[in-house]
Structures are given as structure tokens and as C-alpha cells.
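Got your viewer open? Load the model, keep the selection box handy, and follow along stop by stop.

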Amino acid sequence: MIRIRHTDESPHEASEINVTPFIDVMLVLLVIFMVTAPLTTVNVPVDLPSSTEKPTPRPDDPVFLTVKADHGLALGEDDIAADALPGALETATKGNKDQRIFLRADKTVDYGTLMGVMDKLRSAGYLKVALVNLQGQEEGSEAGSAAVPASSVKAAGAAP
């Protein structure tokens with residue numbers, strides 16, 4: 001018997017892409033990232049210690065820039081506006097951009113404000129900045145202070 005084939009009877013090839021394995025892999029990666037993302041953040045409270053290193057001798061004419069608790073600035077004993085900082089520093093350092101600036105800040109001043117003041121110092125051309133802290137004393141004691149270098153150059157000791 002002769003059989004006539006119709007075009008409907010031929011097997012069809014699947015021309016569609018099977019995305020199920022791709023979706024499975026994406027869901028597994030999503031779960032992995034959801035589990036590991038909270039582990040990559042650092043959320044450790046830290047109480048930084050004071051320095052016990054002996055400070056180097058204080059320079060003859062140090063320039064102290066103070067960030068007060070109300071976020072106001074004082075250069076030496078005089079209050080200054082943030083906009084007037086470059087000109088006041090130019091006068092205080094007699095134009096010497098290599099002179100170290102001793103930066104003091106109240107402990108209630110937030111990190112962002114302190115970094116903003118350091119950015120203003122950098123934009124004014126003063127790259128040698130030393131942070132002043134209490135030297136080897138318990139919290140709240142005012143007996144001594146020292147400068148901690150904020151740049152790659154060593155800092156000299158300072159008294160507030």
C-alpha cells in the first residue's frame with residue numbers, strides 16, 4: 001500500500017529558546033546576593049582611643065583652626081566665617097602653604113562637618129593638616145594634647 005504523506009504529519013522542530021534554565025540561574029544568583037549583601041556592610045561601633053605616643057616639640061608659631069560644637073570656625077582665638085577661611089589662613093601663615101595647620105574639633109562635631117573643613121583646607125592649598133587630640137588621657141581629662149597627622153607628613157605635638 002502506498003501511503004501519501006501530508007505536510008501536517010512531519011515532525012516540527014522547536015524554534016523557541018528555552019529560558020527556564022536561564023531563569024533558574026538568575027533566581028539562584030538573586031538569592032545568593034540577597035543573603036550576602038548584609039554581610040558586606042561594616043556596622044561595628046567603635047570608641048577610638050587617645051594616643052599614648054610622646055608628641056614631637058611644638059612649633060614656634062602654630063596655626064590652630066578650631067571647629068566648635070556649633071560648627072563655627074575659629075582661627076587661633078578669632079572667630080571666622082567659612083567663606084573667609086582661605087584669606088584668613090593666607091594671613092596667618094604669611095602665604096606659606098607648606099606650614100602645618102593644627103585642626104581641633106569638638107567631639108560632638110560630626111565626621112561630615114570635619115571632612116568639609118578639611119576639604120576647604122585642601123582647596124585653599126594647605127595639605128599639611130594635623131588633628132589635635134588628648135594625649136594619653138582618660139575621656140574628659142584635659143591635661144594634655146597631641147597632634148595626629150592627617151596627611152602623609154609627620155605632625156608635631158600641640159597644646160590647645
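**The whole chain first**

Of the 160 residues in this protein, 24% count as buried. Keep in mind that you're looking at a predicted model. Show the surface: the protein exposes about 12,100 Å², and carbon and sulfur atoms supply 59% of that.

Now switch to cartoon. You should find 3 helices and 6 strands, and walking along the sequence gives you α-β-β-β-α-β-α-β-β. If you like contact maps, here's one number for yours: among contacts with a separation of 6 or more, 59% come from residues 24 or more positions apart.

**Stop one: β1**

Select 63-67, which is β1. Is this strand enclosed or not? With 5 of its 5 residues buried, β1 is largely enclosed by the rest of the structure.

Turn on side chains. In a regular strand they alternate between the two faces of the sheet. Here V63, L65 and V67 point one way, while F64 and T66 point the other way, and all of them are buried.

**Stop two: the strands paired with β1**

Add 73-75, which is β2. β1 and β2 pair in the antiparallel sense over 3 bridges; click T66 and look for its bridge partner in β2, A74. Between these two strands the hairpin has 5 residues, and H71 there takes a positive phi near 70°. That's one to check on your Ramachandran plot.

Next, bring in 101-105, which is β4. Which sense does this pairing have? β1 and β4 run parallel, paired over 5 bridges. V67 is a good one to click here: its bridge partner in β4 is A105.

**Stop three: the core**

Time to look at the packing. The largest nonpolar core has 19 residues, and those with the most contacts inside it are L65, L89 and L103. Colour the contributors: β1, β2, α2 (85-92), β4 and α3 (111-123) each supply at least two residues of this core. Which of the elements gives the most? That would be α3, with 4 residues.

**Last stop: L103**

Finish by centring on L103, one of the residues with the most contacts inside the core. Hide its neighbours within four places in sequence and see what it still touches: L65 and V67, then L114, V117 and M118, and finally V129, A130, L131 and V132. L65 and V67 are familiar from β1, where they point the same way as V63.

Methods: Residues numbered from 1 in each chain as written. Predicted model: local features only at pLDDT ≥ 70, side-chain atom pairs only at ≥ 80, totals over all residues. Heavy atoms only, no water. Core = buried A, V, L, I, M, F, W, Y, C linked by side-chain atoms within 4.5 Å. Buried < 20%, exposed > 50% of the residue type's maximum accessible area, 1.4 Å probe, protein only. Contact = heavy atoms within 4.5 Å. Pairing = 2+ DSSP bridges. Areas by Shrake-Rupley, 256 points an atom, 1.4 Å probe, with all protein chains shown as cover.
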